[in-house]
Amino acid sequence: MSELENYMQRPDFARYSKQLLDWVKLSTLTGLEIGPLDKPLLPKSEYDVKYLDVFPVEKLVERCKPNPNRNENQIVPLDYVLGDRSISEVVDQRFDYVVA
């Protein structure tokens with residue numbers, strides 16, 4: 001597990017994340033989450049958010065299989081796939097915020 005993944009598992013990270021989300025009121029805004037994989041920070045059931053990644057879901061599933069910290073069966077559907085293009089070439093709307 002990477003240092004970032006270790007940090008994200010800490011209780012203080014969860015508490016900070018909740019405080020931040022409560023303070024910013026993201027539920028009233030439109031957002032873009034980059035790289036949600038199998039653990040999006042902002043679930044679509046709770047937020048108006050679009051998901052973007054460099055790779056299509058099929059490739060992400062393949063890349064996540066050997067990683068015991070990832071569940072390839074829970075990778076979320078993507079709204080945008082970059083491939084070798086820039087975000088401005090792929091994304092066709094404006095967002096109030098971006099998280100990664």
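**Figure 1. How confident the predictor is along the protein chain.** This is a predicted model, and the protein chain averages a pLDDT of 87. A pLDDT of at least 70 is reached by 90% of the residues. If you compare the elements, helix α1 (residues 3-8) comes out with the lowest mean pLDDT, at 60. At the other end of the scale sits strand β3 (residues 80-81), which has the highest mean, 98. Where pLDDT is low, it's best not to read the predicted coordinates in detail.

**Figure 2. The whole chain, end to end.** Count the elements and you get 4 helices and 4 strands in the protein chain. Starting from the N terminus, they follow the order α-α-β-β-α-β-α-β. The C-alpha atoms fill a box of roughly 35 × 35 × 20 Å, taken along the principal axes. Among contacts between residues at least 6 apart in sequence, 54% join residues at least 24 apart.

**Figure 3. Inside and outside.** The protein chain has 100 residues, and 27% of them count as buried. As for the outside, the accessible surface comes to about 7000 Å². Carbon and sulfur atoms account for 52% of that surface.

**Figure 4. A look into the largest nonpolar core.** This core has 12 residues. Several are leucines, namely Leu26, Leu37, Leu42, Leu60 and Leu78. Tyr47, Tyr51 and Tyr97 are in there too, along with Val49, Val76, Ile75 and Cys64. The elements that give two or more residues to this core are β2 (48-53) and α3 (57-64). There's also a second, separate core of 7 residues, and its members include Leu32, Leu52, Leu82 and Val91.

**Figure 5. Zooming in on Tyr47.** Tyr47 belongs to the largest nonpolar core. Leaving aside residues up to four places away in sequence, what does Tyr47 touch? Its contacts are Leu21, Leu26, Ser27, Leu42 and Tyr97. Among these, Leu26, Leu42 and Tyr97 are also members of that core.

**Figure 6. Asn67, out in a loop.** You'll find Asn67 in the loop between α3 and β3. Is Asn67 buried, exposed or partly exposed? Its relative accessibility is 26%, so Asn67 counts as partly exposed; the cut-off for buried is under 20%, and for exposed over 50%. A polar atom of the Asn67 side chain lies 2.8 Å from the backbone nitrogen of Asn69. For a sense of distance, take Asn67 and Ile34: they are 33 residues apart in sequence, and their C-alpha atoms are 19 Å apart in space.

Terms used
Residues numbered from 1 in each chain as written. Predicted model: local features only at pLDDT ≥ 70, side-chain atom pairs only at ≥ 80, totals over all residues. Heavy atoms only, no water. pLDDT = per-residue confidence, 0-100. Core = buried A, V, L, I, M, F, W, Y, C linked by side-chain atoms within 4.5 Å. Buried < 20%, exposed > 50% of the residue type's maximum accessible area, 1.4 Å probe, protein only. Contact = heavy atoms within 4.5 Å. Polar contact = N/O pair within 3.5 Å; in protein donor to acceptor, adjacent residues only side chain to side chain. Areas by Shrake-Rupley, 256 points an atom, 1.4 Å probe, with all protein chains shown as cover.
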